[in-house]
Amino acid sequence: RHTSIRFKEYDLSMDEDTAIINENTRKEKIKVFFVNNTKKIIIIISTLVLILFGYFAFQEFEKKNKIKLADRYNFAKIEFISGDKNNKVKNELIDIVNEKDRTYSPLALYFLIDNNIISENKKINELFNIVINETSLEKEIKNLVIYKKALFNSDFESENNLIKMLNPIINSDSVWKSHALYLMAEYFYYKNHKQKSKEFFNQILTLENSNQNIKIEAQKRLNRDFSD
C-alpha cells in the first residue's frame, strides 16, 4: 500500500513538472514571437491608432462643418426675410446645395423653390439632381426629394418624363408611393385623360401601405368624378 502511495505521489510530481515545463515553453514561444515580429506589431498598432485618430478627427470635422452650414443657412434665411433679395442670398443657398449635406442641402433647395428665388426650371432641376444623385440621403428622404422634384415639374413636363422621375418610388414600397400615384392621377385628370387618372386613383385604394389621408382623398375623387 505504501509503495502505491509513493507511485501516486511520484506521478503527481511528474505531472506538475510537465505542466511547469509546458508553461515555460509557451512563455518562451510568446517571447520569441514578439521578438521576431516587433516591427510588424508596432506597425499594426500604429496603423490602428492612426485609423482611430483619423475617424475621430473626421467626426469632429463633420460636426464643425455641420454647425457652419447651419449658421450659413439660417443667416441666408434671415437676410431674405428681412428684405435682402439680391444675388448674394441666392448664391449662398446654391452653394449650400452644392455642399451635398444631407440636412441643409435639401433645406436650401426647398427655400429657393418656395420663395421663387430661382426662376429657371433647368437650374432648379440641376440642383434637384445634386441632392438626389450626389448627396448621401436616407432612402425615404431621397424618395421625398424625388417626389418634390416631380411635383415641381408636373406643370410643364411630359407624361413620360414625369413617370420616369417617379418610377423609383412607384416601383417600390416607399411610404411616398401613394403620394406619387396621387400626383399622377391628378396630372392625368388635368390633362383630361380620365381613364388613366382613374387607374392611378384605384391603385391607391388597393395599395397596402397607402397614406390614410391620400387614400380618403382618392376615394372621394373616384366617387365624385368617376361615378357612373
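Is Asn192 buried or exposed? With a relative accessibility of 54%, Asn192 counts as exposed. The classes are set by relative accessible area: buried is under 20%, exposed is over 50%, and partly exposed lies in between (1.4 Å probe, protein chains only). Asn192 sits in the loop between α8 and α9 (194-206). Its phi is positive, about 65°, although the residue is not a glycine.

The model is predicted, so local features need pLDDT of at least 70 and side-chain atom pairs count only at pLDDT 80 or more, whereas totals for chains, interfaces and linings use all residues. Residues are numbered from 1 along each chain as its sequence is written, and side-chain values use heavy atoms, with hydrogens and water left out.

The protein chain contains ten helices and zero strands. Helices (H or I, at least four residues) and strands (E, at least two) are DSSP runs, numbered from the N terminus. The order of elements from the N terminus is α-α-α-α-α-α-α-α-α-α. Of the 228 residues, 31% count as buried.

Helix α4 is mostly covered, with nine of its eleven residues buried. The buried residues of α4 are Tyr104, Ser105, Pro106, Ala108, Leu109, Tyr110, Phe111, Leu112 and Ile113. Tyr110 has a relative accessibility of 16% and therefore counts as buried. The C-alpha atoms of Tyr110 and Val97 are 9.9 Å apart, with these positions 13 residues apart along the chain numbering. Pro106 is paired in a similar listing with Phe128: their C-alpha atoms are separated by 8.4 Å, at 22 residues apart along the chain. Phe128 belongs to helix α5 (residues 121-134). At 1% relative accessibility, Phe128 is buried.Just after α4, Asn116 takes a positive phi of about 55°. Asn116 is not a glycine. The residue lies in the loop between α4 (104-114) and α5. Its relative accessibility is 64%, so Asn116 counts as exposed.

Helix packing was examined for α7 and α8. Two packed helices are described by the angle between their axes and the distance between the axes. The axes of α7 (residues 159-170) and α8 (residues 177-190) come within 9 Å and cross at roughly 165°. This makes α7 roughly antiparallel to α8. Axes are lines fitted to C-alpha atoms, for helices over the stretch in contact, and angles run from 0 to 180 degrees between N-to-C directions. Angles under 35 degrees count as roughly parallel, over 145 as roughly antiparallel, 65 to 115 as roughly perpendicular and the rest as oblique. The crossing of α7 and α8 is left-handed, that is, the near helix is turned anticlockwise from the far one by less than a right angle.

Charged pairs form a further group. Side chains of opposite charge can pair when their charged atoms come close. The structure holds eight salt bridges. A salt bridge is a side-chain nitrogen of Lys or Arg within 4 Å of a carboxyl oxygen of Asp or Glu. One of the salt bridges joins the side chains of Glu99 and Arg72, at 3.5 Å from N to O. Glu99 lies in the loop between α3 (87-98) and α4, and Arg72 lies in helix α2, so this pair ties together parts that are 27 residues apart in sequence. Both partners are partly exposed: Glu99 has a relative accessible area of 38%, and Arg72 has 25%.

Lys100 forms a salt bridge with Glu134, and the closest N and O atoms are 2.8 Å apart. This pair links distant parts of the chain, with Lys100 in the loop between α3 and α4 and Glu134 in helix α5, 34 residues apart. Lys100 is partly exposed at 37% relative accessibility. Glu134 is partly exposed too, with a relative accessible area of 44%.

A salt bridge also connects Arg221 and Asp225, at 2.7 Å from N to O. These two residues are four apart in helix α10 (residues 212-225), so about one helical turn separates them. An α-helix has 3.6 residues a turn, so residues three or four places apart point the same way. Arg221 is buried, with a relative accessible area of 6%, whereas Asp225 is partly exposed at 24%. Salt bridges that share partners join Glu186, Arg221, Arg224 and Asp225 into one network.

On the surface, Ile44, Leu48 and Ile51 make a nonpolar patch of about 300 Å². Patches are made of residues with over 30% relative accessible area and no salt bridge: like charges are joined within 9 Å, nonpolar side chains (Val, Leu, Ile, Met, Phe, Trp, Tyr) within 5 Å. Accessible areas come from the Shrake-Rupley method with a 1.4 Å probe; for residues, only the protein chains shown count as cover. Ile44 is found in helix α2 (residues 38-81). Ile44 is exposed, with a relative accessible area of 51%.
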